[in-house]
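The following exercises are to be worked with the sequence and the coordinates at hand. Each task is followed by a solution in steps.

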Amino acid sequence: MTAPSAVKAALTTQSIETPSWAYGNSGTRFKVFAQQGVPRTPQEKLQDAAQVHRYTGVAPTVALHIPWDTVDDYADLAAYAGDLGLRLGAINANVFQDDDYKLGSVTHPDAAVRRKALDHLLTCVDIMDATGSRDLKLWFSDGTNYPGQDDIRARQDRLAEALAAVYERLGEDQRMLLEYKLFEPAFYTTDVPDWGTAYAHCLKLGEKAQVVVDTGHHAPGTNIEFIVALLLREGKLGGFDFNSRFYADDDLMVGAADPFQLFRIMYEVVRGGGFTSEVAFMLDQCHNIEPKIPAIIRSVMNVQEATAKALLVDRDALAAAQSAGDVLGANAVLMDAFNTDVRPLLAEVRQEAGLDADPMGAYARSGWAERIVTDRQGGQQAGWGA
Ligand code: PSV
Ligand code: MN
């Protein structure tokens, strides 16, 4: 086993970004359930995010979604975040919730709609300039529902053209993260359905274009850790949108459905040298039926637990077993780490950082959940508006 002191030191360097939309109301396409105390403004979302950071110590940045988090003054919002001990993280572009985008956004057959979508993406880069954000996260719902509906290849050309225009606009220290998703809302073809498509576009664009792996965006049974290993090897893994899935893009708490998969992914991250600030560990989740802030705290802890186990893998013993062709021995090395209870180790890491050993308990005792129910009366609760 790797020395616990080395594992602890590595764990203190990890940051996990929480998504502003996870603090708002959400649901499925059947129903969005309102919860009491939910934020009404981006500022209130940041207040909740500050609670997550306060009790975990590893969630200092918050991703925004535009236009869900539209404000008049983004520099002001960044300063507000700073006062709460936070920073604004990735800017997520939204070109999927406008009637004009029925047939696509940047791949739409009509040049005027493509222009409108591109203008939004460029506006998002302006926002990044004001917030000091490094990453622009791009996910396109673009695709078709029926064979023959549009020219699959021409849509790739239109996509490439838009991406090139955004790439051109990026500042020196800014990146674009291109996200893929197998299907939904388009059902026949999706214009960026898989890592290969995202990778091909990013490769052409250059170093500032990186692939983002949303763990919920694959076919059942897909070996996500293989994709992670490959992208890291190619220097093209920009980050993760972590969540858990039972069926498709469930957006449930990361590590809830398959903690073993999360461990395998984190092992490839550690193995591939991706445990650096170059790989953004972001959550992309919605908490439809469970209280949101503790669910996000739990999610952060799940990522930490998978990371701790991945760091514990005895890589020398693993390499020795692998080169000796010792199939069972190699597998046992990995399973030993996965089966280790890392909760006491993480409790120590937290205590050494001056935090409560039990973030869930500390949050529950803080009274914040009751306070926001009392204070946040009236107004329009935030939500993603399905
Ligand atoms: C699409 O399903 C997605 O994963 C993209 O990242 C969006 O921006 C996000 O969900 C919104 O929750
Ligand atoms: Mn995502």
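## Exercise 1: A helix residue

Ala364 lies in helix H13, which spans residues 359-366. The model is a predicted one.

**Task.** Determine whether Ala364 is buried or exposed, and state how far Ala364 is from Ile293 in sequence and in space.

**Solution.**
1. The relative accessibility of Ala364 is 55%.
2. The cut-off for an exposed residue is over 50%, so Ala364 counts as exposed.
3. Ala364 and Ile293 are separated by 71 residues in sequence, while their C-alpha atoms are 9.9 Å apart.

## Exercise 2: Strand S10 and its neighbours

**Task.** Establish why strand S10 (residues 209-214) is described as largely enclosed, and identify which strands S8 and S11 pair with.

**Solution.**
1. A residue is buried when its relative accessible area is under 20%. Six of the six residues of S10 are buried, so the strand is largely enclosed by the rest of the structure.
2. In a regular strand, side chains alternate between the two faces of the sheet. In S10, Ala209, Val211 and Val213 point one way, and Gln210, Val212 and Asp214 point the other way; all are buried.
3. Strand S8 (residues 175-179) runs parallel to S10 and is joined to it by four bridges. Leu177 stands opposite Gln210 of S10.
4. Strand S11 (residues 237-242) is likewise parallel to S10, with four bridges between them. Asp214 has Asp241 of S11 as its bridge partner.
5. From S10 the chain passes through helix H7 (residues 224-233) to S11, in a right-handed β-α-β crossover.

## Exercise 3: Helix H6

**Task.** List the buried residues of helix H6 (residues 195-205) and find what covers them.

**Solution.**
1. The buried residues of H6 are Thr197, Ala198, Tyr199, His201, Cys202 and Leu205.
2. Their cover includes helix H5 (152-169), S8, S10 and H7.
3. Gly206 follows H6 and has a positive phi, near 130°.

## Exercise 4: The surroundings of ligand 1

**Task.** Identify which residues are around ligand 1, and examine the polar side-chain atoms of Lys181 and Asp284.

**Solution.**
1. The residues around ligand 1 are Trp21, His65, Trp139, Glu179, Lys181, Asp214, His217, Asp241, Asp249 and Asp284. The bridge partners Asp214 and Asp241 are among them.
2. A polar side-chain atom of Asp284 lies 2.7 Å from an oxygen atom of ligand 1. For Lys181, the corresponding distance to a ligand oxygen atom is 3.0 Å.
3. An N or O atom in the side chain of Trp21 is 3.3 Å from an oxygen atom of ligand 1.
4. Taken alone, ligand 1 exposes 310 Å², of which the protein buries 92%.

Methods:
Residues are numbered from 1 along each chain as its sequence is written. Chains are lettered from A and ligands numbered from 1 in the order in which they are written. This is a predicted model: local features need pLDDT of at least 70, side-chain atom pairs count only at pLDDT 80 or more; totals for chains, interfaces and linings use all residues. Side-chain values use heavy atoms; hydrogens and water are left out. Buried means under 20% relative accessible area, exposed over 50%, partly exposed in between (1.4 Å probe, protein chains only). Helices (H or I, at least four residues) and strands (E, at least two) are DSSP runs, numbered from the N terminus. Two strands pair if DSSP finds at least two bridges between them. A crossover is right-handed if, with the strands pointing away from the viewer, the path from the first strand over the helix to the second runs clockwise. A residue is near a molecule or strand if one of its heavy atoms lies within 4 Å of it. A polar contact is a pair of N or O atoms within 3.5 Å; within protein, one must be able to donate a hydrogen and the other to accept it, and residues adjacent in sequence count only if both atoms are side-chain atoms. Accessible areas come from the Shrake-Rupley method with a 1.4 Å probe; for residues, only the protein chains shown count as cover. Contact means heavy atoms within 4.5 Å.
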